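Morning, everyone. Have a look at the model on the screen, and I will walk you through the sheet first and the salt bridges second.

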Amino acid sequence: MRFLPDRQDPKVAIVGLGYVGSCIAALLADRGWDVTGVDINADLVDELAGGHCRYQEKGLAELIAGAVAGGRLTATTDYSAVRAADVVLIAVSTPVHPDGSLFDDHLRAACARLGSHLREGQLVVVKSTVPPGTTRDLVRPLLERSGLRAGEHFGLAFSPERFAEGTALRELRALPITVGGVNEDSTLAASAFWRGGLGVDVIPVASPETAEIVKLADNWWIDLNIALANELAKFCAPFDVDVLDVIAAANTVPKGTGNVNILLPSIGVGGSCLVKDPWMVWHTARTRGVEIRTAPLGREVNTAMPEYTTQLIVDELLRLGKEPADCTIAILGLAFKNDTGDLRATPVEGVVTALRKAGVQVRAFDPLVDPVQAEEQLELRPAGTLEEAVRGADCVAVLAMHRAFRDIDFAALPVAPSCLLLDGRAYYPKEKIAELRRLGYVYRGIGR
């Protein structure tokens, strides 16, 4: 096949060894591919070359250690290593400016370096999330400075990353891969690569722009759906209705090819994708004279949830006859998502900030986050133990429901009398809520 060799041992280079690049590299190497990771971060390269993984993803550390030990995964800062590869994946960071426009410095630099070492016959696949038109109008010209032409001398396609942190390896092994090439040969080669590389179904689409929009549509929908859930929670609260009961019943209605699927409310949205991709949609649309309203609206709702959560805590403490400025709040879970230690754009930061403005003393415990990073980002050093964090606390706020928190013995916690239990992302069942109340806790959830 053009742009993909017929031999059984094709080689892959992955430019960008962040979370996405590392997950893909580990899984491809585990499936027997010869993978070389390229990154300008020498510390990251040294770590990976030594078989160490800095990312908290179930099974990832073991895959990387095994692949490095077996010689199937190597890492380097030298871009010339890409010349030996048959397939080159670009997985560098693509943040946005405050106005939603793409901060393309990382992508431009990577493409410029890659173009210096590109050779005829290679297949280049962009994985980084970008506005539609970026593969064709930015990546392609930079790579063609090599004198080679995309679609003629080398293949070029866009194939979005769509897995979620915490379930990445499982989803990489199962989710269909979308592929859009600059020409038919590029699409065919990229499709064949993913079928062989990951053993998953492939969805070929008409163009790179189609594939680029697929990724943005996914995250736009997720963010907007969560915003609906958060607004629904607010709507249920004054009627003393459990929003989870409403969602469970509402989601039984058939609609389209599935059912109504309202997601769950929480203290907000975080991570590296959902907080930026809707703004990328909004800004890109405006450059084409299209005014998108739902993307910024979803962002507005979800960005306000930390403040809303804080107000729930303050109002409940006042109802209990406690002056917030005299209270201590113990936050369990600082990460943006359950079962991760990732603090990127965590909504917990907004809760911490708002609580401090209310004069509340804040403590925290999260066994998954890096304490140094937490102190730098949140100005809050996590306690060493759960007991240390909650001792004398007037409120225990569960803001990330890690596995380590599932078996907490609430009866044994040294909290203050009439302690408020704020359920920000635990979604405790009614039986658990009744148990907490029997133990003397006052339960309050988002829309519960």
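First, a term. Two strands pair if DSSP finds at least two bridges between them. Strands themselves are DSSP runs of E with at least two residues, helices are runs of H or I with at least four, and both are numbered from the N terminus.

Now the ground rules. This is a predicted model: local features need pLDDT of at least 70, side-chain atom pairs count only at pLDDT 80 or more, and totals for chains, interfaces and linings use all residues. Residues are numbered from 1 along each chain as its sequence is written, and side-chain values use heavy atoms, with hydrogens and water left out.

Start with the sheet. It is open, with eight strands and mixed pairing. Read the order as β3-β2-β1-β4-β5-β6-β7-β8. Which strands sit at the edges? They are β3 (73-76) and β8 (202-204), and each pairs on one side only. Neighbouring strands are turned by 25 degrees against each other on average, direction ignored. For angles, axes are lines fitted to C-alpha atoms, for helices over the stretch in contact, and values run from 0 to 180 degrees between N-to-C directions.

Zoom in on β1, residues 11-15. Is it enclosed or not? Four of its five residues are buried, so the rest of the structure largely encloses it. Buried means under 20% relative accessible area, exposed is over 50%, and partly exposed lies in between, with a 1.4 Å probe and protein chains only.

β1 has a partner on either side in the sheet order. With β2 (residues 34-38), the pairing is parallel over five bridges. Ile 14 stands opposite Gly 37 there. To get from β1 to β2, the chain passes through helix α1 (residues 19-30), and this β-α-β crossover is right-handed. That means: with the strands pointing away from the viewer, the path from the first strand over the helix to the second runs clockwise. With β4 (residues 87-90), β1 pairs in the parallel sense over four bridges. Val 15 faces Ile 90 in that pair.

One step outward, β2 and β3 are also parallel, over four bridges. Thr 36 has Thr 74 of β3 as its bridge partner.

Helices next. α4 (residues 105-115) packs on the sheet and touches β1, β4 and β5 (123-126), where contact means heavy atoms within 4.5 Å. Its direction makes about 160 degrees with that of β4. Helix α7 (residues 184-198) lies across β1, β4, β5, β6 (155-158), β7 (177-181) and β8. It runs at about 155 degrees to β7.

On to charges. A salt bridge here is a side-chain nitrogen of Lys or Arg within 4 Å of a carboxyl oxygen of Asp or Glu. How many does that rule give? The count is 26.

Three examples. Arg 344 bridges to Asp 342, with the closest N and O atoms 2.6 Å apart. Arg 344 is partly exposed at 36%, while Asp 342 is buried at 11%. Next, Arg 381 meets Glu 375 at 3.1 Å, N to O. Arg 381 is partly exposed at 47%, and Glu 375 is partly exposed at 38%. Last, Lys 432 and Glu 435 come to 3.8 Å. Both lie in helix α16 (residues 430-438), three residues apart, about one turn. Lys 432 is buried at 17%; Glu 435 is partly exposed at 33%.

Finally, a network. Shared partners join Asp 242, Asp 245, Asp 423, Lys 430 and Arg 448 through salt bridges.
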